[in-house]
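Please look over the sequence and the model below before reading on. The paragraphs that follow move from one strand and its surroundings to a second sheet and what packs against that sheet.

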Amino acid sequence: MKVLYCTSEARPFAATGGLADVAGSLPQALSRVVMPLYEDIPQDLRENMKFITSLSVPVAWRRQYCGVFEAKVGGVIYYLIDNQYYFKRHGLYGHYDDAERFAFLSRAALEMLPYIDFKPDVIHCNDWQSALVPIYFSIFYANNDWYKGIKTILTIHNIQYQGKYGKELVEDVLGIPKTDMSILEYDDCINLLKGAIECANRVTTVSPTYAKEILDPWFSHDLDSILKAREWKLSGILNGIDTVSYDPANDSDLYAPYSAEDISGKAENKRKLQERLNLDQEPATPLIGMVTRMVAHKGLDLVKDALDQLMRETNAQFVILGSGDWEYENFFREMQNNYPGRLCACFGFIPELSRKIYAGSDIFLMPSKSEPCGLAQMIALRYGSVPVVRETGGLKDSIKDSGDGEGNGFTFQTYDPGDMLCAIRRALEGYANPEGWNILVERAMKCDFSWGRSANEYIRLYRELMKESQS
């Protein structure tokens with residue numbers, strides 16, 4: 001089985017968020033990857049790239065140079081698409097011509113295949129940036145003898161980002177004939193994600209619950225009617241994490257190693273974290289951690305409404321790391337001033353500190369309004385920081401309430417600060433029983449959220465598609 005994974009970002013080459021983690025981990029079990037050769041890719045990674053071929057790629061009425069470079073990382077073959085006009089600039093996204101840039105990527109991913117003598121059984125696309133792959137395939141390639149039998153899959157990582165543009169781009173920029181514009185048309189504009197949902201053989205999301213949620217207008221960002229009409233092709237597969245990278249027994253960023261079999265080193269990580277963040281040196285005091293973007297859909301408005309009450313009514317310490325909207329950053333600065341020695345707010349993207357917070361905290365808070373999958377709660381489990389989460393998306397699929405004595409965290413359903421506080425209090429009550437808490441920590445650390453589990457589900461999906469093409 002041959003799979004081509006088409007993505008706008010992938011570790012270790014270029015990353016802005018969770019898609020890069022997925023694209024850097026899932027293909028290790030499955031496939032080859034195609035992505036842009038961005039200017040921001042580090043020089044040490046460029047040195048190991050090999051030029052394969054060049055070709056001319058149609059982009060609407062013009063043709064553009066495309067160089068194909070190959071790199072091998074961790075047993076995975078990466079094809080990096082070179083075009084200096086589109087990709088020799090800083091930053092992956094946010095450019096005025098993003099629609100054209102990623103139209104080029106999508107067309108190049110299809111055009112290069114005969115040149116590199118690789119015919120995949122499945123092309124697996126991700127989010128709106130590669131959503132044009134199944135659209136282009138349906139319009140231009142499906143009836144070409146060389147391409148016959150190839151299937152396409154679209155994974156929606158976050159339905160909020162859809163690739164919406166004005167209709168004037170259809171012919172001149174995207175190169176799609178007017179006769180096929182209805183594929184893209186939606187809500188008086190063109191919508192690349194909508195078009196891919198129509199054209200792809202299967203559509204997946206990054207958790208089973210999110211696949212159900214996006215059929216609801218509250219979650220779908222206006223695409224629920226399109227998804228409901230094609231519900232037969234929709235499914236959800238929970239993401240995993242890189243359990244080699246995220247391993248408290250071998251993580252060089254931690255103050256002390258530890259494991260599920262011997263968690264004694266976790267206490268040293270807590271002590272050192274308290275020291276670094278100027279928190280009171282109180283080993284028995286529960287420490288609640290958050291590593292998050294400071295935006296509303298991450299549940300920060302719940303935290304804003306409830307944090308003062310939590311700090312007044314309990315002895316808990318609290319640490320948050322992240323950046324985002326100024327109103328939340330200002331709020332946490334004020335709270336840090338109000339509760340010196342008990343609350344610390346750290347701003348920015350600091351990977352080594354995030355790992356220290358996972359390792360040093362006792363409780364990890366994720367009260368998200370929506371969370372397609374979430375990786376932080378899985379990392380927290382791996383490091384023995386017991387999650388408190390709202391039951392939405394991948395949080396619901398990965399965290400089960402320990403009230404029955406078998407779960408791995410604490411959950412709440414309603415998007416309400418009182419319900420969140422109730423879940424936190426239950427966690428603090430559990431923490432007050434050291435013997436029971438250690439059992440819960442051990443159970444959390446033994447949860448399996450490796451990519452092997454997720455990859456097996458994708459393999460089953462790929463095989464289903466292959467059987468359909470053979471029948």
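In this predicted model, a convenient place to begin is the pairing of strand S1, residues 3-6, with strand S6, where the two run parallel and are joined by 4 bridges. Within this pairing, Tyr5 stands opposite His124 of S6. On the way to its other partner, S6 is joined by 5 bridges to strand S7, residues 151-156, and these two strands also run parallel; here Ile123 is the residue that stands opposite Thr152 in S7. As a general point, the strands of a sheet pair through hydrogen bonds of the backbone, in either a parallel or an antiparallel manner.

How many of the residues of S6 are buried? Strand S6 spans residues 122-126, and 5 of its 5 residues are buried, which leaves the strand mostly covered. The cover extends to both faces of S6, with Val122, His124 and Asn126 buried on one side and Ile123 and Cys125 buried on the other. His124, which faces Tyr5 across the pairing with S1, therefore counts among the buried residues, given that buried means under 20% relative accessible area.

The connection between S6 and S7 brings in a helix, since S6, helix H7 (residues 132-141) and S7 together make a right-handed β-α-β unit. Helix H7 is largely enclosed by the rest of the structure, because 7 of its 10 residues are buried. The buried residues of H7 are Leu132, Val133, Pro134, Ile135, Tyr136, Phe137 and Tyr141. Their cover includes the strands S1, S6 and S7, together with helix H5 (98-111) and helix H9 (192-199).

A single residue further along the chain deserves a separate look. Ser220 has its place in helix H11, residues 217-220, and because its relative accessibility is 0%, Ser220 counts as buried. When its neighbours within four places in sequence are left aside, Ser220 is in contact with Ile159, Gln162 and Ile214.

The next part to follow is an open sheet, in which 6 strands are arranged in the order S15-S14-S13-S16-S17-S18 with parallel pairing. Its edge strands, each of which pairs on one side only, are S15 (343-347) and S18 (410-412), and from one strand to the next the twist averages 15 degrees. Inside this order, strand S13 (residues 287-291) pairs with strand S16 (residues 363-366) in the parallel sense over 2 bridges, and Gly289 stands opposite Phe364 in S16.

Two helices can be placed against these strands. Helix H14, residues 300-313, lies across S13, S14 (317-322), S15, S16 and S18, and runs at about 155 degrees to S14. Helix H19, residues 417-431, packs on the sheet and touches S13, S16, S17 (386-390) and S18, with a direction that makes about 165 degrees with that of S18.

Which helices each supply at least two residues of the lining of the largest cavity? The count comes to 1 cavity of 30 Å³ or more, and the largest cavity has a volume of about 40 Å³. Its lining consists of Val303, Ala306, Leu307, Leu310, Phe318, Leu365, Met420 and Ile424. H14 and H19 are the helices that each supply at least two of these residues, and the largest share, 4 residues, comes from H14. Helix H14, which lies across several strands including S14 and S16, thus also appears in the lining of this cavity.

How values were computed. Residues are numbered from 1 along each chain as its sequence is written. This is a predicted model: local features need pLDDT of at least 70, side-chain atom pairs count only at pLDDT 80 or more; totals for chains, interfaces and linings use all residues. Side-chain values use heavy atoms; hydrogens and water are left out. Buried means under 20% relative accessible area, exposed over 50%, partly exposed in between (1.4 Å probe, protein chains only). Two strands pair if DSSP finds at least two bridges between them. A crossover is right-handed if, with the strands pointing away from the viewer, the path from the first strand over the helix to the second runs clockwise. Contact means heavy atoms within 4.5 Å. Axes are lines fitted to C-alpha atoms, for helices over the stretch in contact, and angles run from 0 to 180 degrees between N-to-C directions. On a 1 Å grid over the protein atoms alone, a cavity is a set of points where a 1.4 Å probe fits but cannot get out, and a pocket is an open set with protein on both sides within 12 Å along at least five of seven lines; lining residues have an atom within 4 Å of a point. Grid points are joined across faces, edges and corners, and a volume is the space filled by probe spheres set on the points.
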